[in-house]
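Today I opened a new model and went looking for how its strands are put together. Here are my notes, in the order I made them.

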Amino acid sequence: MHYKKLTLFFCFLFSLNTYLTQAQEDLLNELDDLVKKDKDSTKNNNAGNSSSFELPAFKTLKIGNLQSTKVADQGDLFLIVSHRFGPLKDGLDTFLGLDLANTKIELLYSFFDGLQFSISRESFEKTLAFASKLRLKRQSKSFPLNLTAYGTININTELSNSRFTNYTLKDEDRFSYALQLLASRRISKNFSLEIAPTYVRENLQILEETFEANPNQFALGIGGRLKLSKRISFNAEYVHNFNRHKNSIFYNPYTFGVDIETGGHVFQLLFTNAQSTNEPGFISNAGGDIAFGFNIVRVF
């Protein structure tokens, strides 16, 4: 009887291992199918054309916080969950910042080829955001760059908190905006680079924090991706804000980390000095303390 039970137990373990292995292979095959779809789309779009498109410079829609030139394929639905924890410098008092978290949930869909729309909610200042991204040009043998336009409208729904007690607030003070022209190039099989001229408009600024009113701000972002293996890459970015006062309490944002691809998902593990993941938030209001964070990207 004991031998029979032992035999059944090992049969169960073998079946479970086979199932889990097959499930993992299915997930990895799903990602490979997405890459194949990119390649097939490239071939179909260029049938009879001497200019063939290069593979995308970036695998994901963001480098870290900074938008990449990648645009969702028509009919793709993305769910993106982002976390930014508290500063690492607080140590074990906040368990290296893990006790504190800013969370953003974003739904993104592409109705048309080369055009995507998204809606998101971020716990940082309880921000509601709407965004769109438009592909302008793809890198090919006849054109050296990927060009994409990006725009977002952010609505701060937390203007009643204590930071604004000395201000007479109007409805338009809730709004901030960002416009970007994203230009990237796949320089080699393993390395891609992007620059991002950016305009940010903040309708409300706290002068005790910014030291002077600069509602219209211009910035330049730069980011890159270095492929380390088939499914892992190292990403880094930095954005310089040209209109920040030298006495401002805010800093230019930077981010670095790794992308880990598992079928249908991309995990972006990163370190950054910005709590917000929305463009007006991290470009204009990044702090000086580094924190851990991550993005989880799931495509349906």
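Before counting anything, I fixed my terms: two strands pair if DSSP finds at least two bridges between them. I also noted that this is a predicted model.

With that settled, I looked up S2 and S3, which are antiparallel and joined by 7 bridges. For a register mark, I wrote down Lys104, which sits opposite Glu122 in S3. I then checked the turn: S2 and S3 make a hairpin with 2 residues between them, and Gly114 there has a positive phi of about 80°.

Next I stepped to the neighbours. S1 (residues 77-87) pairs with S2 (residues 101-112) in the antiparallel sense over 9 bridges, and I found Leu77 opposite Tyr109 in S2. On the other side, S3 (residues 115-122) and S4 (residues 127-137) are antiparallel over 8 bridges, with Lys133 in S4 as the bridge partner of Gln116.

How do these strands fit into the whole sheet? I traced a closed barrel of 12 strands, running from S1 through to S12 with antiparallel pairing. On average, neighbouring strands of this sheet are turned by 20° against each other, direction ignored.

Later I moved along to S9 (residues 232-241) and S10 (residues 254-262), an antiparallel pair with 7 bridges. Phe234 stands opposite Val258 in S10. S10 also pairs with S11 (residues 265-272), antiparallel over 8 bridges, and here Phe256 faces Phe271 in S11 as its opposite residue.

My last entry is the S10 and S11 hairpin: 2 residues lie between the strands, and Gly264 in the turn has a positive phi of about 80°.

Key. Residues numbered from 1 in each chain as written. Predicted model: local features only at pLDDT ≥ 70, side-chain atom pairs only at ≥ 80, totals over all residues. Heavy atoms only, no water. Helix = DSSP H or I, 4+ residues; strand = E, 2+ residues; numbered from the N terminus. Axes fitted to C-alpha atoms, helices over the stretch in contact; angles between N-to-C directions.
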